[in-house]
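Hi there,

Here is the structure I promised to send over. Have a look at it first, and my notes follow underneath.

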Amino acid sequence: MKYVSAMLLGLIAAGLSAVAFSFAASYSPLLNYLIAVEGLNSNSLEWLLVILQDSAITLLNAVAIFFIYRRLLSQFPFNWLAIILMQLPLSLLVISVNGLPIDFANLYELSKSLPTLINAIAIVLIYVVFKLFDNKQATINSGL
């Protein structure tokens with residue numbers, strides 16, 4: 001019962017991700033830029049902008065959800081199980097919508113695969129970075 005809040009926040013993260021990508025597809029100037037580029041092909045460097053934008057959207061959403069859970073719901077468990085339960089709805093949404101594309105043959109395929117993989121592990125990735133930073137701070141504060 002104590003992990004229900006993590007699961008609910010995971011559902012909110014999945015919904016937030018869907019809404020954020022919907023807005024990004026509709027209102028991002030990147031799409032207009034890609035349409036205007038002459039000679040755009042599967043190895044054009046412009047696909048790196050797509051990777052950057054999609055990864056930034058994913059990671060910002062994950063950071064927001066992570067810190068909401070960490071700061072506002074601090075009375076609930078903050079461990080691997082909570083983080084995995086939080087990540088689970090987002091991962092299931094991403095894999096059901098995009099599948100699990102593992103194709104890195106060219107930049108276009110990379111622009112589809114890498115953000116999907118990042119989205120499937122974003123909250124866990126933020127948790128690992130937080131734990132590494134927290135352990136380093138504890139080491140510095142202990143004088144070692």
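**What I found**

Isoleucine 35 counts as exposed, because its relative accessibility is 63%; exposed means over 50% relative accessible area, buried under 20%, and partly exposed in between, with a 1.4 Å probe and protein chains only. This residue is found in helix α2, residues 29-36. From isoleucine 35 to serine 96 there are 61 residues in sequence and 28 Å in space, C-alpha to C-alpha.

Before going further, a word on the source: this is a predicted model, numbered from 1 along each chain as its sequence is written. Local features need pLDDT of at least 70, side-chain atom pairs count only at pLDDT 80 or more, totals for chains, interfaces and linings use all residues, and side-chain values use heavy atoms, with hydrogens and water left out.

Now the overall picture. The protein chain has five helices and zero strands, where helices (H or I, at least four residues) and strands (E, at least two) are DSSP runs numbered from the N terminus. Along the principal axes, its C-alpha atoms fill a box of roughly 55 × 40 × 25 Å. Of the 144 residues, 37% are buried. Among contacts (heavy atoms within 4.5 Å) with a separation of 6 or more, 73% join residues 24 or more positions apart. The chain exposes about 8600 Å², and carbon and sulfur atoms supply 70% of that; the areas come from the Shrake-Rupley method with a 1.4 Å probe, and for residues only the protein chains shown count as cover.

Next, the helices one by one. Helix α1 covers residues 4-27, and its end C-alpha atoms are 34 Å apart, in agreement with the 34 Å that its 24 residues should span at 1.5 Å a residue; the expected span is 1.5 Å times one less than the number of residues. Its buried residues are Ser5, Ala6, Leu9, Gly10, Ala13, Ala14, Ser17, Ala20 and Ala24. A general point may help in reading that list: an α-helix has 3.6 residues a turn, so residues three or four places apart point the same way.

Helix α3 has 26 residues and reaches 37 Å from its first C-alpha to its last, close to the expected 38 Å. Its buried residues include Trp47, Asp54, Asn61, Phe66 and Tyr69.

What does serine 17 of α1 touch, leaving aside neighbours within four places in sequence? Serine 17 is in contact with Asn61, Leu90 and Asn119, and counts as buried because its relative accessible area is 5%. On the other side of that first pair, asparagine 61 sits in α3, residues 47-72. Asparagine 61 is buried too, at 14% relative accessible area, and with the same neighbours left aside it contacts Leu16, Ser17 and Ala20.

Helix α4 takes in residues 80-98: its 19 residues should span 27 Å, and the 26 Å between its end C-alpha atoms agrees with that. You may like the bend of about 30 degrees at leucine 88, with proline 89 following within four residues; the bend is the angle between axes fitted to the seven residues ending there and the seven starting there. Pro89 and Leu90 are among the buried residues of α4. After α4 comes glycine 99, whose phi is positive, near 75 degrees.

Happy to talk any of this over.

Best wishes
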